[in-house]
Amino acid sequence: MVSSALERLTPAGDGPVLAVNLSPSSVKDAEFLEWLRGRLEEAPERARRLVLEAPEYGVMSDPATTERFLDGLATTAAGFGLDHFGVGAVPFG
């Protein structure tokens, strides 16, 4: 899905932003993170218009792994967001 999204984004100018939902297991998968970082770094102009989302319930169940994932994305231009934020009644702090 990430590859398809990157292919659909035009490399130049201002265009639409696409959001791709990731499963909690993808966020926890170190091999997927390495693959993802490679794809995003290959196409920074496209990655700039890509937002990756993961469900709050999945990322809050393992904060250390989520932090590793976000640190891994820090070198890319892609954004990150929480899907279904506030639904699981996880404390805001």
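Here is a quick tour of the chain, from its overall make-up down to one helix pair and three single residues. Keep in mind that this is a predicted model. The chain has six helices and three strands, and from the N terminus the elements run α-β-α-α-α-β-α-α-β. Of its 93 residues, 35% are buried.

**The chain as a whole**

- Look at contacts between residues at least 6 apart in sequence, and you'll find that 84% of them join residues at least 24 apart.
- The accessible surface adds up to about 5500 Å², and carbon and sulfur atoms account for 56% of that surface.

**How H3 and H6 pack**

- Helix H3 covers residues 30-42 and helix H6 covers residues 63-73.
- Their axes sit 10 Å apart, and the two helices pack at an angle of about 20°.
- Angles under 35 degrees count as roughly parallel, so that label fits H3 and H6.
- As for handedness, the crossing of H3 and H6 is right-handed.
- On the H3 side, the contact is made by Ala 30, Phe 32, Leu 33, Leu 36, Arg 37 and Leu 40; on the H6 side, Arg 68, Phe 69, Gly 72 and Leu 73 meet them.
- Sort the residues of this contact by type and you get seven nonpolar, one polar and two charged.

**Leu 22, a buried loop residue**

- Leu 22 sits in the loop that links strand E1 (18-21) to helix H2 (24-28).
- Its relative accessible area is 7%, and buried means under 20%, so Leu 22 is buried.
- Setting aside neighbours within four places in sequence, Leu 22 touches Val 2, Val 27, Phe 32, Leu 52, Glu 53, Ala 54, Pro 55 and Phe 69.
- Two of those partners turn up in the helix pair above: Phe 32 belongs to the H3 side of the contact and Phe 69 to the H6 side.
- Leu 22 and Met 1 are 21 residues apart in sequence, with 9.3 Å between their C-alpha atoms.

**Asp 62, just ahead of H6**

- Asp 62 is in the loop between helix H5 (56-60) and H6.
- What is the relative accessibility of Asp 62, and how does the residue count? The value is 24%, so Asp 62 counts as partly exposed.
- Along the chain, Asp 62 and Lys 28 are 34 residues apart, yet 8.4 Å separates their C-alpha atoms.

**Glu 42, out in the open**

- Glu 42 is part of helix H3, which spans residues 30-42.
- Is Glu 42 buried or exposed? With a relative accessibility of 59%, against a cut-off of over 50%, Glu 42 counts as exposed.
- The C-alpha atoms of Glu 42 and Thr 76 are 9.5 Å apart, with the two positions 34 residues apart along the chain.

Notes: Residues numbered from 1 in each chain as written. Predicted model: local features only at pLDDT ≥ 70, side-chain atom pairs only at ≥ 80, totals over all residues. Heavy atoms only, no water. Axes fitted to C-alpha atoms, helices over the stretch in contact; angles between N-to-C directions. Helix = DSSP H or I, 4+ residues; strand = E, 2+ residues; numbered from the N terminus. Parallel < 35°, antiparallel > 145°, perpendicular 65-115°, else oblique. Left-handed = near helix turned anticlockwise from the far one by under 90°. Contact = heavy atoms within 4.5 Å. Nonpolar A, V, L, I, M, F, W, Y, C, P; charged D, E, K, R; others polar. Buried < 20%, exposed > 50% of the residue type's maximum accessible area, 1.4 Å probe, protein only. Areas by Shrake-Rupley, 256 points an atom, 1.4 Å probe, with all protein chains shown as cover.
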